[in-house]
Amino acid sequence: MSTRTTSKQREVLGVSALRPDGLAKTQGTFSFSSDYTADNMLWGATLRSPHPYARIISIDISEAIKIDGVETVLLASDVPGKLTYGLIASDQPVFASEFVRYMGEPIAAVAADHPETCRRALDAIVVHYEVLKPLTSIEDALNPNTPSIHPDGNVFRHQHILHGDANATGDIVVEGEYEIGMQDQAFLGLEAALAYPDSDGSGIELVVATQWLHEDQKQIADCLAMPKEKVRLQLGGVGGAFGAREDISLQVHTCLLALRTGRPVKMQYTREESFFGHVHRHPGVISLKHHVTNEGRIVKIEGTMKLDGGAYASTSSAVLINGVTHIQGPYKCPNAVFDGYAVRTNNPPCGAMRGFGVVQACFAHEGQMDKIAKAVGKSPVEVRLLNAMEKGDTLITGQPVESVAPVARCIRETDALPLPEPLSLSAGTMELPGGSGRTSELHNIKRGIGWGVSIKNLMYSEGFDDSAEARCTLGDGVATLKFATAEVGQGFVVLAQQIARTVLGVDVVVLDRIDTNIGSAGSTSASRQTWMSGGAVDGACRLVRERLFEHVAHMHGLDPLQLIIEDTDIVDTMGPLRISVSEASKGVKITQTFLHQHRKTEELDENGQGNCHVAFAFVAHRAVVDVDVELGLVKVVQIATAQDVGRSLNPLALLGQIEGGIAQGLGLAVMEEIIMQNGIVKNPSFTDYLLPTALDAPDVLFIPIEEPDPQAPLGAKGVGEPPCISVTPAIVAAIRDATGIDLKRTPVRPQDICL
Amino acid sequence: MSTSSEIYSLRVNGTDQHVKDAWIGESLLYVLRERLGFMGSKGACEQGECGSCTVLINNDAVCSCLVMAASAIDTDIITVEGLAPSESPNDIQQAFVAEGAVQCGFCTPGLIVAVHHLLETNSSPSEIEVKEALSGNICRCTGYGRIFSAVQLVISQREKSIS
C-alpha cells in the first residue's frame, strides 16, 4: 500500500528546506507591496513638517487643489474617526493640526495622477508656523521645570528596580557611562501600500507591508470610524522590517485618500521620507556601577538608563522595560538598585528595532564586564564565566530563569572557535581598514579582540497575551495552511511548511494568502514567530492528524491511538497496516484551527519585581578587528559566535539570521547613526547614513547550541534578535583592546579613535 | 500631470517598448516599473547607493534610478526578467535559493543582475573581487555570507562544466 518513492531528503523540521518564495524573489516576480498596481489608481504623498517643534498658524491648500491632476488634499479635519494612533498609547496625530513635534511629522496628504503631480501639490501647500525652541535633550525632558511638549507630558515611563539588599557593597566598585546612538532599521523595501475602497465607501481593502496585520487593522479602523471587519488587510510582500513596520506609517493616510476619492490609491515612501516615516532605535545614556568581590563576582549593580523616545510614545515604555530588566546581562546578580526613564523630546519617534532595549542594556553591561575583568586581573572570558547565569538563577526582577540557560557553554564554544590568521604583511589594500580608500598603512594597524555576551527575552512581556492562530486543512494528500503571520524575510513560510510535512507526513504544503481572514498571529517581532505561530501551525496540524487517525482507524476497525506517522505513511504500531497519507486523505477534507498562547506573565510592581517575561535566549560573540589608529578606521575581521537556539529547525535559515543580525550589530558598532542637530535629521539618505556593504562583512564562525527548550512548542527558541545584540559591544571592546582608548559610545567614529 | 505627447521607444530585453504620454523627467526605473510593467527592478534609495534597481545598459551594470528614461533610447536594456525565462531560472538564480542568499528578497533582483554582470566580465573572480563587485548592492537581511556562497557555487559549477 505504501507509495513511498522519494529518495530525496524530505524537507521536514531540522532540514535546510528551501523557502517557497525564493525563486520568485530571484526572478523579480515576487510581489512586494510596492509592486501592486490597480486600474484607475492614484498616487498618494505626505506633507511633512520641516521643523522639529512649531505651532501651526494656518494651512492653505487652495493652490494645491487647483493643480491639474490633483484629486484631493486631506488635513486633520478630514479624519472621520479617532484623530490619533499608537501601539501602546494613542498619542500620535494622524495629521498634525496645532503643533508639529518632530521634523517629518505628517500634516497633509494628497492624491494625484502621478508622483510628480503629488510632489508639486505638496510644494503648493502653504503652512505658516510659529517656530518653537525644540526640546532635544533627555536631561531637559526629565527636568520638571521644562514645559510639556505634549498633553501627556515629557516622561513616557519611569521604572524603579529594587532587588535584594540595597545596601550591599563589594570589595571593588567599577563605574562606567555608556551612550548609544540612534540606529535606523533601513529595510530595503520602502514603506508602500495600495488601498482599494469598497464601491459604496463602507469598507476598504489594504495591501500593505507590515509586521502585524491585526494591530494595523484595529488602529486604522478606529481612525476611519469603521467597524474592524470593514477594514480588510492583506500582506503585501515585505522587504525587511526589523521593527520599523510595527507602528502605523502610511496605512491610515492611504485609506483616507482612497475613501475620499473612491479610487485605489498607492502610497510609497522615498528613502528620505522613510527615515522620517518610521520609528528608530532609541538612543540613550546608561550609567552603571558594579560592586564586585575581589575575585570578580557581581554583588550589586546600581545605575540609570535614560532613553530618548522622541516625539510620540510608540513602544517606548516596553523598550524601557526590556532595557532595565536585562541590565544585569546573562550574569548572576543578587542585588540591584536601578532606575530607567523613557522621555519625550522633539527628536524623531523611537520604537521597535531588533533587540528592543536589550541592545542598549548590553552595550553598557558588557563594557562593565571588561572593566571588572581589568580591575580584578582576569581575562574577559574568565570574568564572564565566573558570573555566568545558570538555570534557576534570577533576574533583578526576581524572575527565575526556569528553562535552558547555556550561558557558560555559549562562551566556551565561542572561545574554542579558531582565531583568524594575523594580518599578512602582503595584505592588499582592500583587506585593510579603509578598503578602496587605499589610505591605511600596515604599520599603523593594530589588531584587537573583544567579547560580548547577552540574554534576550522572547515574546511579549508584562501580562500581554500575544497569542497566534493558524488553520490547517488536509485533503487528497495536500495540506493547506492559513495564518496572519507577517513574512518579512525571516522565513516563517518555509518553517510552516516544514512543520506540516513533519506532523502530517505530506510533501505538498500550500500556503494560503496572509491576511486578516483569520485570527491574529501577533507581531513578527520579539523573536516570537517560531515559538508562537510555529506553535499554532504545529497545534493545528496535530489536531488534523488526530482526525485523520480517527478516520483511518474507523475504516480499518482500529484504535486511533495505535496509529503514527512514519515519513509519508500512516502506520499501525500494533499490526500490519501501512497506508500513505495521500491515499488515506483521498476524498476527505479535514480542517482544524489552533490558538497558541504562551504562559501568562505579570506586570512589574513599584520595585520592578515580577515575572514579566516568557522565556530567554543567550548568545556569545567574540570580535576581531583591525584598527588604523592614525586614521580611526576599523575593519571587522571576524566574528565568532555560539547561540542558544533550543533546536535548529532549518540550519540554512538559522545561519542567515545569525549572519544578518551580526551585520546589523556591526553597523551600530562602527557605521550607522542618525545624526541629529537640534532636532534636525542631518543624514536621511543612504549616501549619508552608512550601511554595511559586502566589503564590510566579516567572516562569521557559528556554532548553534542545541538544548531543546521543553517550554517551546517545537523545542526551538527564537533566533532573530540575539545575533545583533552582543556583537556590538564585542566589536567596540575589540577596538578598545586595539587602541587602549576607553570608548564610551557606539557607534565608534573615526574621531573617537584618532583625535 | 502635463505630459509630453511624443512617443519614445526603449529596447528592453530585446523587444521595443513604446512609452506614450510620459513626463520627460521620469527615471528609467519608474518607466520600467510603472509604464512597462517590469517590476523586477526595485527602488530603495533613488540615488544609486543600494543597487536594487540594477539593470544592464549596453552590457554595463547601471542603477536605473539614476538614468533618465528618455535618455536610454537606442540602448539595449536588460532587466532581471531578461536574464532567463521564468520557467528555467539561470544558475545564479538557482544558487541564490539553494545557498540561502534570499531572505526578504528586495535586493535580490539587483544582486542577480550584478552577479551576472560580474561573471560575464570575469569568470573566475577572487573572493575580494566578488566583494568589491557586489559592494554597490546593499542587502540588509543576510549579512552577505550566503550571497558569497551562492556566487562561489556558480563559479565552481561553471568551472566544472567547462572542464
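## A parallel pair of strands

In this predicted model, A:Val478 has A:Val508 of strand S21(A) as its bridge partner. The pairing to which these strands belong joins S20, which covers residues 478-483 of chain A, to S21(A) in the parallel sense, and four bridges make up this pairing.

## The surrounding sheet

Strands S20 and S21 take their places in an open sheet of four strands in chain A, whose order reads S21-S20-S19-S25 and whose pairing is mixed. The edges of the sheet are held by strand S21 (508-511) and strand S25 (590-596) of chain A, and because each of these has a single partner strand, one side of each remains without a neighbour in the sheet. Direction ignored, neighbouring strands of this sheet are turned against each other by 20° on average.

Helix H13 of chain A, made up of residues 529-556, lies across S20 and S25 as well as strand S19 (468-475), and the helix runs at about 145° to S25(A).

## Domains and their contact

Chain A is divided into three parts, each assembled from separate stretches of the chain: domain 1 (22-30 + 467-596), domain 2 (33-133 + 190-238 + 245-277) and domain 3 (284-461 + 603-754). Taken over C-alpha atoms, the centres of domain 1 of chain A and domain 2 of chain A are separated by 38 Å.

To the contact between these two domains, domain 1 of chain A gives 15 residues and domain 2 of chain A gives 14 residues. On the side of domain 1 of chain A that touches domain 2 of chain A, the residues divide into five nonpolar, seven polar and three charged.

How values were computed: Residues are numbered from 1 along each chain as its sequence is written. Chains are lettered from A and ligands numbered from 1 in the order in which they are written. This is a predicted model: local features need pLDDT of at least 70, side-chain atom pairs count only at pLDDT 80 or more; totals for chains, interfaces and linings use all residues. Domain bounds come from an automatic or database domain assignment. Two residues are in contact if their C-beta atoms, placed from the backbone, lie within 7 Å. Ala, Val, Leu, Ile, Met, Phe, Trp, Tyr, Cys and Pro count as nonpolar, Asp, Glu, Lys and Arg as charged, and the others, Gly among them, as polar. Two strands pair if DSSP finds at least two bridges between them. Helices (H or I, at least four residues) and strands (E, at least two) are DSSP runs, numbered from the N terminus. Axes are lines fitted to C-alpha atoms, for helices over the stretch in contact, and angles run from 0 to 180 degrees between N-to-C directions.
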